[in-house]
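This briefing looks at a group of annotated positions and at one further residue, with attention to where each sits and what surrounds it. Please keep the sequence and the coordinates at hand while reading.

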Amino acid sequence: MSDDLRWMQVALTLGRRGLGQSWPNPAVGCVLVAPNGRVVGRGRTQSGGRPHAEVVALAQAGAAARGATAYVTLEPCAHHGQTGPCCDALIAAGVGRVVTALEDPDPRVAGQGHSRLRAAGVAVTEGVGRAAAREDQLGFLNRVTLGRPMVTLKLALTLDGRIATARGESQWITGAEARRYGHALRARHDAVLIGAGTARTDDPTLTVRGVGVVRQPVRVVASRDLDVPIPSRLSQSVTADAPVWLCHGGEAPAERIARARAAGLKCVEVAAEAEGVSVESLLRTLAQRGLTRVYCEGGGAFAAGLLRAGCVDRLAVFSAGCVIGADGLPGLGDLGVNLLADAPRFRRLGVRQVGGDVLTEWART
């Protein structure tokens with residue numbers, strides 16, 4: 001393994017600690033390595049998106065940054081926001097070389113960070129660890145290039161693909177270890193998304209528990225008519241650090257909107273269809289509000305809508321060692337697939353045992 005790839009892997013590990021914490025900015029990692037091979041600075045984009053990873057690493061390094069090599073998982077920004085461009089900060093610190101994994105597709109950057117570094121005499125190497133960085137940055141890349149966040153669909157199923165008995169009993173299909181792991185997955189996303197049916201049936205809180213986070217994910221409920229219970233565990237758990245967004249159609253009753261707002265919930269209007277809110281409009285609106293990574297936990301009809309729209313990027317399927325039978329509730333609603341050629345396809349990323357259950361992770365092909 002080359003030194004460049006080895007240090008980039010350290011930077012990637014740092015960046016991953018910011019997943020779910022740094023939106024609307026990407027979760028970037030940066031490592032500064034002196035010519036003698038000693039690490040003089042480490043940083044990741046902080047919770048809330050500021051300061052950026054490069055700024056954190058440079059502050060730690062101080063004067064030792066001069067002549068060092070900076071390993072950064074995304075091209076340093078080249079535009080003025082709340083702070084100055086990171087490429088200028090690297091130049092001012094006297095960094096001798098910058099190694100990056102990805103070019104930033106944001107039109108305000110899009111190669112300009114690299115160009116300004118080179119123009120200042122800084123050597124630049126691009127594309128080191130690109131594949132791993134693309135996986136880590138998929139949410140940010142989707143938001144910039146597709147106008148929607150990355151969507152991970154989580155399913156907890158019996159061996160025969162059921163999520164509940166005929167009477168609706170579902171707690172608990174998977175074991176305690178799988179549920180804890182599910183909280184870790186929540187923590188790596190900016191938001192947790194459910195449909196109105198799940199909100200009514202399960203009355204969940206959707207918070208991250210048992211995993212240390214600075215910033216709770218936004219709890220999002222998609223409900224065309226705002227037919228969700230209030231008060232509820234969701235409404236009673238709203239804080240400034242753990243908001244709830246209710247995404248509804250334009251014809252939702254005014255009294256329901258007023259009741260939700262009075263309970264501290266944020267009402268967000270999106271386009272609606274006969275079956276419910278428009279998936280495309282919902283995801284576009286979430287992206288416009290800064291979300292890059294969304295974790296969907298159901299229910300079956302809403303999950304099917306995401307799949308029909310082609311908006312599921314990753315699947316996290318927990319399989320439990322039990323069967324319920326044909327009278328149980330299926331994990332997915334109607335997809336309208338008549339031909340196998342039309343079925344959504346995914347490639348397997350990995351399989352792991354989690355307690356007594358099995359987690360299989362998939363990527364859309």
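Which residue's side chain is joined to that of Glu297 by a polar contact? In this predicted model, the partner is Arg186, and the contact between the two side chains is 2.7 Å. Both residues also appear in the UniProt record, an unreviewed entry, which lists Ser170, Arg186, Leu206, Arg209 and Glu297 under "binding site".

**Glu297**
- Glu297 is placed in the loop that runs between strand E12 (293-296) and helix H11 (300-308).
- Setting aside residues up to four places away in sequence, Glu297 touches Lys154, Arg186, Val192, Leu193, Ile194 and Leu206, and of these the UniProt entry names Arg186 and Leu206 in its "binding site" list.

**Arg209**
- Arg209 belongs to the loop between helix H8 (196-202) and strand E9 (218-222).
- With a relative accessible area of 43%, Arg209 counts as partly exposed, because that class lies between the 20% and 50% limits.
- Apart from neighbours within four places in sequence, Arg209 is in contact with His183 and Arg186, and Arg186 is also among the residues that Glu297 touches.

**Leu349**
- Leu349 is part of strand E15, which covers residues 346-354, and is partly exposed at a relative accessible area of 41%.
- When residues up to four places away in sequence are not counted, Leu349 touches Glu135, Arg314, Glu361, Trp362 and Ala363.
- Between Leu349 and Gly111 there are 30 Å in space, C-alpha to C-alpha, and the two are 238 residues apart in sequence.

Definitions and conventions
Residues are numbered from 1 along each chain as its sequence is written. This is a predicted model: local features need pLDDT of at least 70, side-chain atom pairs count only at pLDDT 80 or more; totals for chains, interfaces and linings use all residues. Side-chain values use heavy atoms; hydrogens and water are left out. Helices (H or I, at least four residues) and strands (E, at least two) are DSSP runs, numbered from the N terminus. Buried means under 20% relative accessible area, exposed over 50%, partly exposed in between (1.4 Å probe, protein chains only). Contact means heavy atoms within 4.5 Å. UniProt positions are given in the numbering used here, feature names are shortened, and annotations may be inferred rather than shown by experiment. A polar contact is a pair of N or O atoms within 3.5 Å; within protein, one must be able to donate a hydrogen and the other to accept it, and residues adjacent in sequence count only if both atoms are side-chain atoms.
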